[in-house]
Amino acid sequence: MSRIRTIARRSFLIGSAAILGGVAFGTYAYRKPYPNPLQGKGAALTPYVLIDADGVTLIAPRAEMGQGVMTTLAALLAEEMDLTLDQVQVAHGPAASAYFNGAVLEEGVPFVPTDDSWLAEGSRALMRVPAKFLGMQVTGGSSSIPDAYDKMRAAGAVARAALVAAAARRLGVEAAGFTTEGGAVFAADGTRLAYTDLAVEAAASDLPAVPPLKPRVAWKLLGRSLPRVDMVAKVTGAAQFTIDLRLPGMLFATARCNPALGAAMISHDASAALALPGVVKVVEVEGGVVVLADSTYSAFRAADAVTFDWAPASYPADTAAMVAATAAVFDPAHKDSRKRDDGDVDALLAPGAAFEASYAVPYLAHATMEPMGAAAWLKDGRLQVWAGSQLPSQILVEGAAITGLPQAAIEVHTTMMGGGFGRRAEVDVIRQAITAAKAVAGTPVLLTWRREEDMTHDAYRPMAQARARATLADGKVAALDLHIAAPAVIASQAGRLGYRLPGADATIVQGAWEQPYGFPNYRVTGYRVPAGVPVGWWRSVGASQNAFFHESVVDELAQLAGADPLAFRLSQISHAPSRAVLEAVAESAGWSGALPAGHARGVAFCLSFGVPCAEVIEVAQTAAGIALVAAHAAVDVGVALDPRNIEAQVQGAMVFGLSAAVSGEITFANGAAEQQNFWDYQPLRLNQCPPITVRVLENGDRIRGIGEPGTPPAAPALANAIFALNGLRIRQLPLNRAVTFA
Amino acid sequence: MWIKVNGTGVDVTADPETPLLWVLRDALNLTGTRYGCGVGACGACTVLLDGVAVRSCQIALRDVGAGAVTTIEGLGTPEALHPLQAAWIEHQVAQCGYCQSGQIMQAASLLAQTPAPSDLEIDEAMVGNLCRCGTYPRIRAAIHAAAAQLHKA
């Protein structure tokens with residue numbers, strides 16, 4: 001089994017590969033806008049492969065937040081280098097622009113500019129805004145695998161070719177007939193030369209152009225279910241998350257900030273806190289304080305003893321006012337986008353259309369199992385930061401701004417994330433840790449948020465509303481006009497990083513406007529709710545609410561048409577991969593089969609992040625309430641690199657969506673989030689979780705990431721199942737406001 | 001104050017009111033026991049006290065007394081895995097992994113009392129252990145597999 005490795009900074013900064021025995025290989029020389037962090041400035045190659053006396057190490061450009069990315073990246077590399085998986089160690093790379101994520105850039109869209117199909121437009125729109133972050137090292141948007149699929153294989157192929165060439169030079173013969181296996185080059189006569197022995201010579205010469213990659217039929221690792229490289233550490237307690245970090249002489253810290261999000265701290269009194277045992281210092285940070293102590297418990301207790309005078313929130317004070325503010329933007333003045341406008345919706349939809357309905361969803365917290373945390377150490381003109389971050393390169397920017405140090409004096413250690421889901425694309429806790437470390441320069445600081453701070457200081461999934469009008473003809477949708485009101489997630493998130501992004505916000509209509517239905521008159525309009533409560537990336541982002549809106553509407557229209565909900569969808573979708581996932585999930589669920597009395601099924605579909613995903617949920621009425629008794633999903637990822645890991649991601653994404661659908665809700669009173677902890681923000685628990693089957697298809701045009709697409713259909717599939725069960729059409733989440741669950 | 005952790009007596013200097021969780025993590029560096037909620041609502045901090053699963057965030061240091069505390073580090077090691085840990089690997093349960101120490105300790109307590117649990121018994125035992133990655137189906141499968149393995153042994 002492959003292992004996880006930590007590499008000292010000095011290994012990355014070697015001026016001469018031979019001196020410290022580490023050699024870095026990379027590729028993509030034709031895209032070399034950034035310096036190679038493994039070899040100092042000016043090197044041409046982006047670095048992924050380190051070979052030293054310990055063997056081959058993959059420098060992973062993306063962070064492990066539970067999605068298994070380390071394992072799949074290692075397999076991509078091992079495949080081309082003819083290594084076994086256990087011969088590749090994996091380390092998180094440093095924060096560096098060289099590790100930019102190409103798949104979140106618009107340039108990465110595989111469509112010619114004239115291709116204005118819904119598929120091309122949908123892909124471009126999702127990439128347009130992140131393109132502003134050119135050079136940013138992003139883990140998110142289900143982009144890691146699409147980004148790495150070519151890069152990692154090419155890195156492996158180049159390294160292999162360089163090693164073979166070095167072996168040929170050493171032996172003084174042509175490389176023809178050379179083979180590679182198990183970490184060594186074999187000459188035609190059988191002479192064996194280990195990679196570790198050849199590495200320095202291989203790196204000393206110019207790297208070759210990228211050789212042809214292995215055809216799929218030759219794959220030995222890819223396409224198979226592999227053991228995760230992080231699994232043993234995670235089941236023995238050895239895995240080290242950010243808040244498990246222990247540094248010499250370290251202070252433990254916690255933060256307490258204004259519950260009115262983004263508002264200032266007017267004043268505070270820390271005298272009682274400072275009198276408590278173990279408390280070292282109370283440091284002012286943006287909107288609050290950080291308490292430093294000799295243990296996390298001491299810091300938590302002391303934070304409770306600080307008294308504050310908080311400035312009020314800049315946004316509406318309570319949920320009712322926020323709902324009203326959202327409802328107030330369905331007008332031309334607040335129009336953000338109209339990305340789909342097929343046919344002539346107005347001509348068919350006179351006032352009093354056949355179908356009209358309104359839908360609403362609440363704010364949601366990420367509630368990662370590991371609360372927010374970060375460590376920082378400012379010493380001798382250098383800053384080190386440890387964080388499980390989806391945006392490690394941004395930490396360099398933040399660290400420089402707070403400390404005044406040049407970015408070259410800042411080192412970022414990416415740690416394992418105890419859940420990310422988009423929350424760790426924020427830098428709030430990282431800024432606090434750096435600010436606290438600056439106040440106690442020379443001493444390392446580990447900052448851990450209390451769960452209550454985490455729940456009440458999130459960048460939430462937005463509250464949103466939708467209004468739909470539609471009419472039917474011949475049992476199909478003749479016209480659908482969908483209006484969606486939500487705040488702008490990208491503008492909010494980027495704004496907190498100091499970037500201003502003009503133009504429409506793709507997330508407002510993501511998961512609704514680009515769906516592959518062929519309705520002849522079809523319009524999707526987004527309206528922007530003025531910025532208020534901070535909103536952020538939440539697993540599947542805009543699709544998390546918009547699939548609920550869109551697929552509830554489609555289900556209602558199927559019922560109006562008197563049609564089977566699954567057949568109704570199939571009759572209006574021609575995109576073959578989308579049809580295939582609907583057909584596959586119908587087969588898994590035995591859709592046409594009879595159900596026991598008191599059972600019912602619901603179906604929903606969403607195309608997000610390029611992945612068509614269909615889900616079916618079976619519910620049963622029990623004495624204790626509605627139980628989820630079975631769930632089925634089918635997805636199309638284009639190329640399935642690790643089927644068992646894809647299954648895990650889809651199951652997890654579905655559970656994430658179901659948690660929100662059943663009971664997820666953040667409400668506000670007096671400008672503060674009301675939910676505090678897991679007793680009042682209840683995710684799904686094991687006894688509520690149904691068995692989940694997953695079908696993984698490969699009909700799509702190219703490889704896709706799978707962290708998010710399983711989430712959007714979960715809520716509408718469950719709501720549609722409840723309608724099938726008892727005739728109750730629930731148009732507001734969470735569902736437990738309307739029905740009782742077992 | 002002396003307490004017994006993973007078979008060894010240790011002398012801890014801390015406020016007797018300190019929750020066992022923070023003694024383990026901050027004083028003894030046994031960070032495999034995770035902090036999730038601090039109020040006994042998530043199960044991430046689950047350890048065994050005399051073989052029975054407890055939430056270490058809800059047990060004050062002074063209440064540990066002579067009880068034997070077992071943490072995930074004391075359950076098994078990569079070289080000598082507990083059958084539950086082996087089953088977790090076999091079924092590739094963990095995603096982010098943060099809750100899994102607590103899940104495994106809770107399951108260890110279950111199997112100690114109920115060697116061949118039914119689905120309903122697993123539901124009842126594991127209801128207090130949250131997982132945000134949604135690994136529940138594999139947790140259930142791994143508990144059944146470990147039970148079968150223990151039965152065979």
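This report describes parts of a predicted model with chains A and B, going from domains to contacts and then to single elements.

**Domains of chain A**

The domain assignment splits chain A into three domains, and each of them is made of two stretches of sequence. Domain 1 covers 3-101 and 136-235, domain 2 covers 242-313 and 372-448, and domain 3 covers 319-364 and 459-737. The centres of domain 2 of chain A and domain 3 of chain A, taken over C-alpha atoms, are separated by 36 Å. Between these two domains, 13 residues of domain 2 of chain A are in contact with twelve residues of domain 3 of chain A. On the side that belongs to domain 2 of chain A, eight residues are nonpolar, three are polar and two are charged.

**Domains of chain B**

Chain B is divided into domain 1 (2-75) and domain 2 (83-152). Their centres, again taken over C-alpha atoms, lie 20 Å apart. Contacts between them involve 16 residues of domain 1 of chain B and 14 residues of domain 2 of chain B. On the domain 1 side, β3 (46-49), β4 (52-55) and α3 (72-75) of chain B each give two or more residues. Of these elements, β3(B) gives the most, with three residues. By class, this side of domain 1 of chain B has nine nonpolar residues, six polar ones and one charged one.

The strands β3(B) and β4(B) also belong together as a pair. They run antiparallel and are joined by four bridges. One of the paired positions is B:Val47, whose bridge partner in β4(B) is B:Val54. The two strands form a hairpin, with two residues between them. In the turn of this hairpin, B:Asp50 has a positive phi of about 50 degrees.

**Contact between the chains**

How many residues of chain A are in contact with chain B? There are 50 on chain A, and they meet 48 residues of chain B. On the chain A side, at least two residues each come from α7 (231-235), α9 (296-305) and α19 (643-663). The largest share is that of α19(A), which supplies seven residues. The chain A side divides into 26 nonpolar, 14 polar and ten charged residues.

The table sets out the residue classes for the three contact sides described above.

| Side | Nonpolar | Polar | Charged |
|---|---|---|---|
| Domain 2 of chain A, touching domain 3 of chain A | eight residues | three residues | two residues |
| Domain 1 of chain B, touching domain 2 of chain B | nine residues | six residues | one residue |
| Chain A, touching chain B | 26 residues | 14 residues | ten residues |

**A helix and a loop in chain A**

Helix α5 of chain A runs over residues 144-171 and has 28 residues. From its first C-alpha to its last it reaches 39 Å, close to the 40 Å expected at 1.5 Å a residue. There is a bend in α5(A) of about 25 degrees at A:Asp150. The helix is mostly covered, with 23 of its 28 residues buried. Just after α5(A) comes A:Gly172, which takes a positive phi of about 70 degrees.

Elsewhere in chain A, A:Ala53 sits in the loop between β3 (46-52) and β4 (55-60). Is A:Ala53 buried or exposed? A:Ala53 counts as exposed because 9 other C-beta atoms lie within 10 Å, and the cut-off for an exposed residue is 12 or fewer. In sequence, A:Ala53 and A:Gly93 are 40 residues apart, and their C-alpha atoms are 19 Å apart in space.

Note on methods. Residues numbered from 1 in each chain as written. Chains lettered and ligands numbered in written order. Predicted model: local features only at pLDDT ≥ 70, side-chain atom pairs only at ≥ 80, totals over all residues. Buried ≥ 20, exposed ≤ 12 C-beta atoms within 10 Å, placed from the backbone. Expected span 1.5 Å × (residues − 1). Bend = angle between axes of the 7 residues up to and from the residue. Domains from an automatic or database assignment. Contact = placed C-beta atoms within 7 Å. Nonpolar A, V, L, I, M, F, W, Y, C, P; charged D, E, K, R; others polar. Pairing = 2+ DSSP bridges.
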